[in-house]
Structures are given as C-alpha cells and as structure tokens.
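Me: I have a chain open and would like to learn how to read it. Can we take the features one at a time?

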Amino acid sequence: MQDMLVRLLDLPDVTSEEKKLANEEEVIFRRPIAPERSIMVEWVRDNFSKNWADETEVAFSNTPVHCFVAQRNQSILGFACFESTAKNFFGPTGVLETEQGKGLGKILLVKALQALKDMGYTYAIIGGVGPFEYYQKVVDARIIENSEKSVYQNLLKHKK
C-alpha cells in the first residue's frame, strides 16, 4: 500500500452535505471528548481492527481529540483520526458498511483534513491507502511515488 499527499488549501466545502445528513438522517459530526475514549476505542476494535483501535486511543492523548465521529443518537456510524501514528498523517478512518454511500466518510475525511490545516499544515499525508481512487476523487489526493515502504512497513498485527 502506498501513501497519498493532499493539498489542504483546496478542500471541498461539505457544510451543505453535513446539514442535509443532520436533517434527513439525524447524523451529527463532532470531536469526541475524553470520557468517550473507551467507547470509541472498543467500537473501532469491534468494527475494524485492534491496530486501528490502538491508533484511535492515541488520538485521545491530544486536546482537542485528534478524531471525529459520526453518530446518530447513541450509535457510532463512523470515525476519522489524524496525527495518531505520525505527524501530519490522516487515518485511520472507517464507516459502518450499513451507512456507506451516504457521504459520511467524505465529511469525516474533510473535517479531519481541515483540522490538520487549522494546525498550520499546507499538505497532509494519507497513510497506507487502500482505495486510492476514493481519495483522489474526494480531495484530489495524489499517490506519493516510492512510498510502498512507509511508517506501516513492519507493522506488527494482532492475531484474530
């Protein structure tokens, strides 16, 4: 898997999409707070992976938390973290399969990248990208040449 680079000065405006999801689907997007750490970490572990749960836990070591959550009432629908494994890195991120295709992932991505921009970055790295076409389409991210060897190169993975 390769890394991608995204220019933060050209992020799309997702305000109207966020309002539409709030009105039609009762979905809100926000940063979780410290008392929600264990809930978020367990949810990521249960729905994605232990490695991603570890990265999510690290996101809670910052104030404000380096993560966004999409939720409907008391249900978590998706999340997006940043600067969990490396400075200026986006990820991990995920949306429940049942909620995909509604734009939640796009809003979470843009909100996390906007937070990186607000921290003073002009470009951000999307690490170890799986669906690179998605990131290219949504935020015009570009593959970083020769990035197959990255911070995740020798990652120890939890056994299932």
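Reply: Start with pairing. Two strands pair if DSSP finds at least two bridges between them. This is a predicted model. In it, I28 has Q71 in β3 as its bridge partner.

Me: How many bridges join β2 to β3, and in which sense do the two strands run?

Reply: Strand β2 covers residues 28–30, and 3 bridges join it to β3. The two run antiparallel.

Me: Which strand also pairs with β3, and over how many bridges?

Reply: Strand β4, residues 75–82, pairs with β3 over 6 bridges. That pairing is antiparallel. To find it on screen, look at C67, whose bridge partner in β4 is C81.

Me: What should I keep in mind about side chains along a strand?

Reply: In a regular strand the side chains alternate between the two faces of the sheet. Burial is a separate reading. A residue counts as buried under 20% relative accessible area. Strand β3, residues 67–72, is mostly covered, with 5 of its 6 residues buried.

Me: How many residues lie between the strands in the hairpin of β3 and β4?

Reply: The hairpin has 2 residues between its strands. N73 is in that loop between β3 and β4.

Me: What is the usual sign of phi?

Reply: Most residues other than glycine have a negative phi. N73 has a positive one, near 55°. D140 is another non-glycine residue with positive phi, near 55°. Its place is the loop between α5 (132–139) and β7 (142–143).

Me: Is N73 buried or exposed? And what about D140?

Reply: Use the cut-offs: exposed is over 50%, and partly exposed lies between that and the buried limit. N73 has a relative accessible area of 55%, so it is exposed. D140 has 44%, so it is partly exposed.

Me: What is the usual form of a peptide bond?

Reply: Most peptide bonds are trans. Look here at the bond from T63 to P64: it is cis, with omega near 0°. P64 sits in the loop between α3 (50–59) and β3. The bond from G91 to P92 is cis as well, with omega near 5°. P92 is in strand β5, residues 89–95.

Me: Now the whole chain. How many helices and strands does the chain have?

Reply: The chain has 5 helices and 7 strands. Read from the N terminus, the order is β-α-β-α-α-β-β-β-α-β-α-β.

Me: What does the radius of gyration say about the chain?

Reply: Compare it with the value for a compact globule. For 160 residues that would be near 15 Å, and the chain has 15 Å, so the two agree. Along the principal axes, the C-alpha atoms fill a box of roughly 45 × 35 × 30 Å.

Me: What share of the residues is buried?

Reply: Of the 160 residues, 41% are buried. The chain exposes about 9200 Å², and carbon and sulfur atoms supply 49% of that area.

Me: Which share of the contacts joins residues at least 24 apart?

Reply: Take contacts between residues at least 6 apart in sequence. Of these, 73% join residues at least 24 apart.

Me: Last, charge. How far apart are the mean positions of the positive and negative charges?

Reply: The chain has 20 positive and 22 negative charges, and their mean positions are 2 Å apart.

Key
Residues numbered from 1 in each chain as written. Predicted model: local features only at pLDDT ≥ 70, side-chain atom pairs only at ≥ 80, totals over all residues. Heavy atoms only, no water. Helix = DSSP H or I, 4+ residues; strand = E, 2+ residues; numbered from the N terminus. Rg over C-alpha atoms; globule rule 2.2 N^0.38 Å. Buried < 20%, exposed > 50% of the residue type's maximum accessible area, 1.4 Å probe, protein only. Contact = heavy atoms within 4.5 Å. Areas by Shrake-Rupley, 256 points an atom, 1.4 Å probe, with all protein chains shown as cover. Lys, Arg positive; Asp, Glu negative; His and termini not counted. Charge placed at Lys NZ, Arg CZ, Asp CG, Glu CD.
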